[in-house]
Amino acid sequence: MIDAEGTAALAKLGDDHLRLLRDIAKHGTYDEAAGRRLAGIIADTATQTGWFTFDSGQPDEAQSYFLAALRAARASGDPRLGAGALSYIAIRGYSTGHPRDAVTAARAALDKVKTLNAPALEAMLLTRQARGHAMLGEQQAALKALGQATELCARGRSEHDPHWLYWINDGEIHGQAGSCHLALGSPRQAINSLTQARKALNPADVRTRALFLSRAATAQFREGDIEAGCAVANEAMDLAEHLQSARLNEHVHSMAGELSMVCNTPYARQLIERSVLVTGKAVAQ
């Protein structure tokens, strides 16, 4: 549902589910093994609800869910669940101007799972670490983490990789690499990586595709190719119109803001006007 529709309708569903799980945990009768399984379900649900809340534009509220997920993961005894919660804490960090927090959270998560032989999970966590390094301008560390993530992804999934990590593939790795290059001030490399991401992504991952397209358009604008960038930007908005994601809308708004200096050209003016209709936010000019 998040891949195809966005998150606006999902946060309440997740919260209702958590309330039910909380009541079972408080008032139910169960042995230790069942309690650990219940804690695992709570951790998974709290992480997902936190993500729905974050993507709906509420980063502070989302953090409380992620921290609750960490506590439940500890009780479950499954370090992969704790790593999952930390991965979203990392996203929150680099998305809200605290990239060092992202690096710290990703490293803590990698430490939790280093003995599990879970290459897909490690690859995902390394991309989160790389994004933090990139936003800090730490190019060498970012590229090293991306290289390790690429190698691990190429190994394929193991039986120890969690079921909820269904979305890690070559397209996701390329897309995160493109996002890092964009943050590092290398738009041409960003364009190359994001083009590869577009080819490799699962067609059902509509929201991720829209996010990566918005970043590809931003990279095109920074390269000075306004016409090509506007074409990609319109593709991103074609998808964003049908998704309910405050975070995606913020990306579209930021993408359109790249054109503020050339807003008198026909391509730019039309795109800026359309972005206002999609996001409901005016672009400063």
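This is a short tour of two pockets in a predicted model, with selections to make at each stop.

**First stop: the largest pocket**

Begin by selecting Ser95, Arg131, Arg215, His251 and Ser254, since these are the residues that lie nearest the centre of the largest pocket. They belong to a lining of 24 residues, and the space inside amounts to about 640 Å³. Next, colour the elements that each give two or more residues to this lining, namely α5 (79-95), α7 (119-135), α9 (170-183), α11 (206-223) and α13 (246-257). Of the elements on view, α13 deserves a separate selection, as its 7 residues are the most that any element gives to the lining of the largest pocket. If you then colour the lining by class, you should find 9 polar residues, 8 nonpolar residues and 7 charged residues around the largest pocket.

**Second stop: the second largest pocket**

Now move the selection to Trp51, Tyr88, Trp167, Arg207 and Thr208, which lie nearest the centre of the second largest pocket. Here the space is about 430 Å³, and 23 residues line it. The elements to show are α1 (2-5), α3 (32-55), α5, α9 and α11, each of which gives two or more residues to the lining of the second largest pocket. Pick out α11 in particular, which with 5 residues gives the most to this lining. Colouring by class divides the lining of the second largest pocket into 11 nonpolar, 8 charged and 4 polar residues.

**Last stop: the elements between them**

Finally, keep α5, α9 and α11 on screen: they appear among the elements named for the largest pocket and also among those named for the second largest pocket.

Note on methods: Residues numbered from 1 in each chain as written. Predicted model: local features only at pLDDT ≥ 70, side-chain atom pairs only at ≥ 80, totals over all residues. Heavy atoms only, no water. 1 Å grid on protein atoms, 1.4 Å probe; cavity = no way out; pocket = protein on both sides within 12 Å on 5 of 7 lines; lining within 4 Å. Points joined across faces, edges and corners; volume = space filled by probe spheres on them. Helix = DSSP H or I, 4+ residues; strand = E, 2+ residues; numbered from the N terminus. Nonpolar A, V, L, I, M, F, W, Y, C, P; charged D, E, K, R; others polar.
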